[in-house]
Amino acid sequence: MSVIYTDGSCLSNPDGPSGWAVVLIENNQEYIFCDGIESSTNNRMELTAVIEGLKHASYRNCTVYSDSQLTINCATNVWRRRANLDLWNEYDTASKDKDIKFIWVKAHAGDKYNEMVDKYAKLEAKKLKEKKNINKYKNVTL
C-alpha cells in the first residue's frame, strides 16, 4: 500500500511563485518529491501534488492525505470539475489503475506529514521567488 501526503503553495494567489510537495510512504520508507513553477495557483499546486504522488506510487492501493477539500471533492466526483481541466486529465491518467482512498487532513493542525509537505511546498515557491528577484537585477549596469 502507498500512503501519500500532498500539499501545494502559492505565495501570491493567483499567478505567484508556487510549489508542491509529496511525502510517499511505502514499505516503511519515506520519499519526498517537490518542485515548483514561477506562476500558478494554490489549487493547481494542490492537484499537481496529488498527481505526482500517484505517478510515483508503486502500489495499486493508495491512501492520499490532502488539506484541499476542492481537490478531494473533485477527485471523488462530489463536486464538478470546472477549472484546471488539463490537470484533471493528468489526474485521470495517473489514477486510472489505482484504488484510491482520500482522507482530508486539517492544515496547520500538527499532523507530522501534512506539516512536512506544507514546508517543502512553501520552500519550492520561495526558491522561485528568490530566483525571480535575483534575475530582476541581473542586467543592471552600475
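This is a short walk through the sheet, the packing and the cysteines of a predicted model.

**The sheet**

Let's start with the strands. Five of them make an open sheet, in the order β3-β2-β1-β4-β5, and the pairing is mixed. At the edges sit β3 and β5 (99-104), each of which pairs on one side only. Going from one strand to the next, the twist averages 20°.

In the middle of that order, strand β1 (residues 2-10) runs parallel to β4, with four bridges between the two. If you want a residue pair to click on, S2 has C62 in β4 as its bridge partner.

The β2 and β3 strands go the other way about things: they are antiparallel and are joined by 10 bridges. Here I25 is partnered with E30 in β3. The two strands form a hairpin with two residues between them, and N27 in the turn has a positive phi of about 50°.

Then there's the helix α1, which lies across β1, β2, β3, β4 and β5 and runs at about 155° to β1.

**The nonpolar cores**

What is packed together inside? The largest nonpolar core has 21 residues, and I4, L54, Y91 and F102 have the most contacts inside it. At least two residues of this core come from each of β2 (16-26), α1 (42-56), β4 (61-66), α2 (69-75) and α3 (85-95). The largest share, six residues, is supplied by α1.

F102 is a handy place to look around. Setting aside residues up to four places away in sequence, F102 touches V50, V64, I72, A75, T76 and Y91. There is also a second, separate core of 11 residues, with A21, I25, V105 and A121 among its members.

**Two residues to zoom in on**

Y65 lies in strand β4. Not counting residues up to four places away in sequence, Y65 touches V3, I4, Y5, T6, I103 and V105. From Y65 to K98 is 33 residues in sequence and 15 Å in space, C-alpha to C-alpha.

S40 belongs to strand β3 (residues 29-40). Is S40 buried or exposed? With a relative accessibility of 5%, S40 counts as buried, because the cut-off for that is under 20%. Leaving out neighbours within four places in sequence, S40 is in contact with C10, N13, P14, D15, G16, S18 and M45.

**The cysteines**

C10, one of the contacts of S40, brings us to the sulfurs. How many disulfides does a search of the whole structure find? The count is zero. Here is how two of the cysteines stand:

| Cysteine | Relative accessibility | Closest cysteine sulfur | Sulfur distance |
|---|---|---|---|
| C10 | 13%, buried | in C34 | 16 Å |
| C74 | 4%, buried | in C10 | 18 Å |

Why is C10 not bonded to C34? The two sulfurs are 16 Å apart, which is too far for a bond, because a disulfide needs them within 2.5 Å. C74 tells a similar story: the closest cysteine sulfur, in C10, is 18 Å away, so that is too far for a bond as well. Both residues count as buried, with C10 at 13% relative accessibility and C74 at 4%.

Note on methods: Residues numbered from 1 in each chain as written. Predicted model: local features only at pLDDT ≥ 70, side-chain atom pairs only at ≥ 80, totals over all residues. Heavy atoms only, no water. Core = buried A, V, L, I, M, F, W, Y, C linked by side-chain atoms within 4.5 Å. Buried < 20%, exposed > 50% of the residue type's maximum accessible area, 1.4 Å probe, protein only. Contact = heavy atoms within 4.5 Å. Pairing = 2+ DSSP bridges. Axes fitted to C-alpha atoms, helices over the stretch in contact; angles between N-to-C directions.
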